[in-house]
Amino acid sequence: MELDRPIRVRHGKRRPLADAVARELIDKYELRLLKRYVRGLGLSAEDEKRALLLAAELLSPSADDELLCNYRRERLEMIAAPIEDCLRRTGSIIPLGAWNFLCDGYRRELRTVCSAAAELIAEERHGDLCCLIAGEYIEKRMHSLGSKLIAVHLVIDGDEVSLYDGARREITDKYSAYLPDEDRSRYSHSDLVLSAMVDIAPRSIYVYGGETNYRLLRRVQLMFGGVHPMEGKF
């Protein structure tokens, strides 16, 4: 398909042509547009690269990711719908002209994706900094007060997290009980687990299932020494 030349539509073929043009435009030009919008955010070179990778991952789903595949179909519709409308009025279309002048909704969507990727990276950096500060506090606390438990077992299953002592008793509530109820209501369970671990200040943490949530595993590694990823189930 020559995207810079007029294409006329045959009777009854407006929608198939609009869909085909939308697919080809996304395949050939979406990543280029994404790069342009990420560069326009004024990020550092490192953050620009990370934002582009994150945004591209969102926009280029694997075949088994139903949610992101549906999102790709929604973006295709943002291009196909105005093209079909143009074909209904004029009977022909220049695909690159449509890409540049008829797809404002699609372009706003891509700008939003880029901004969201940059915000996620900033939040992650802030979270890492908080974890490093917490790690310094934990080290000082261990020197002055010692550890309430020498070792704990942290079990991760995606976003589900549980904390156990050596006798395999779940201990999150016991060691996060110092948090006021009004604060606890704002915490996720994984937040409560991390708070309990700060209170315990263990010298060894045996982690099971860390590969199911690398972000949380990294947080734990930044906050604590003696983190030991384990194979198999707890």
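Q: In which helix is the place of L217?
A: Happy to start here, with a reminder that this is a predicted model. The helix to look for covers residues 214-223, and that stretch takes in L217. The place of L217 is therefore in helix α9.

Q: Is L217 buried or exposed?
A: A residue counts as buried when its relative accessible area is under 20%. For L217 the relative accessible area is 10%, so L217 is buried.

Q: Which residues does L217 touch, leaving out those up to four places away in sequence?
A: One partner to check is V207, which is 10 residues apart from L217 in sequence. The C-alpha atoms of L217 and V207 are 8.1 Å apart in space. With residues up to four places away not counted, L217 touches V207, G210 and V227.

Q: Why is the chain described as more spread out than a compact globule?
A: The chain holds 9 helices and 6 strands. For 234 residues the globule rule gives 17 Å, and the radius of gyration is well over that, so the chain is more spread out than a compact globule. Along its principal axes, the C-alpha trace spans about 80 × 35 × 35 Å. The radius of gyration behind this reasoning is 25 Å.

Q: How far apart are the end C-alpha atoms of helix α5?
A: Helix α5 has 42 residues, 104-145, and at 1.5 Å a residue they should span 62 Å. Just after α5 comes G146, with a positive phi of about 75°. The distance in the model agrees with the expected span: the end C-alpha atoms of α5 are 60 Å apart.

Q: What span should helix α3 have at 1.5 Å a residue?
A: Helix α3 runs over residues 66-90, which makes 25 residues. Its end C-alpha atoms are 36 Å apart, and this agrees with the expected span. At 1.5 Å a residue, α3 should span 36 Å.

Q: Which elements are included in what covers the buried residues of α3?
A: Residues buried in α3 include L68, C69, Y71, R75 and L76. Further along the helix, I79, A80, I83, E84, C86 and L87 are also among them. What covers the buried residues of α3 includes β1, α1, α2, β2, α4 and α5.

Q: Which residues does E24 touch, not counting those up to four places away in sequence?
A: E24 lies in helix α1. Its relative accessible area is 19%, so E24 is buried, given that the cut-off is under 20%. Leaving out residues up to four places away in sequence, E24 touches M1 and L3.

Q: What phi does R168 have?
A: Most residues other than glycine have a negative phi. R168 is not a glycine, yet its phi is positive. You will find R168 in the loop between β4 and α6, where it is exposed with a relative accessible area of 53%. Its phi is about 65°.

Q: What is the relative accessible area of A201?
A: A201 also has a positive phi, of about 50°, although it is not a glycine. Its place is in the loop between α8 and β5. A201 is buried, and its relative accessible area is 0%.

Q: How many Å apart do the centres of the positive and negative side chains lie?
A: The chain has 36 positive and 38 negative side chains. Each set has its own centre, and the two centres lie 6 Å apart.

Technical notes:
Residues are numbered from 1 along each chain as its sequence is written. This is a predicted model: local features need pLDDT of at least 70, side-chain atom pairs count only at pLDDT 80 or more; totals for chains, interfaces and linings use all residues. Side-chain values use heavy atoms; hydrogens and water are left out. Helices (H or I, at least four residues) and strands (E, at least two) are DSSP runs, numbered from the N terminus. The radius of gyration is taken over C-alpha atoms; the globule rule is 2.2 Å times the number of residues to the power 0.38. Lys and Arg count as positive and Asp and Glu as negative; His and the chain ends are not counted. The place of a charge is taken as NZ of Lys, CZ of Arg, CG of Asp or CD of Glu. The expected span of a helix is 1.5 Å times one less than its number of residues. Buried means under 20% relative accessible area, exposed over 50%, partly exposed in between (1.4 Å probe, protein chains only). Contact means heavy atoms within 4.5 Å.
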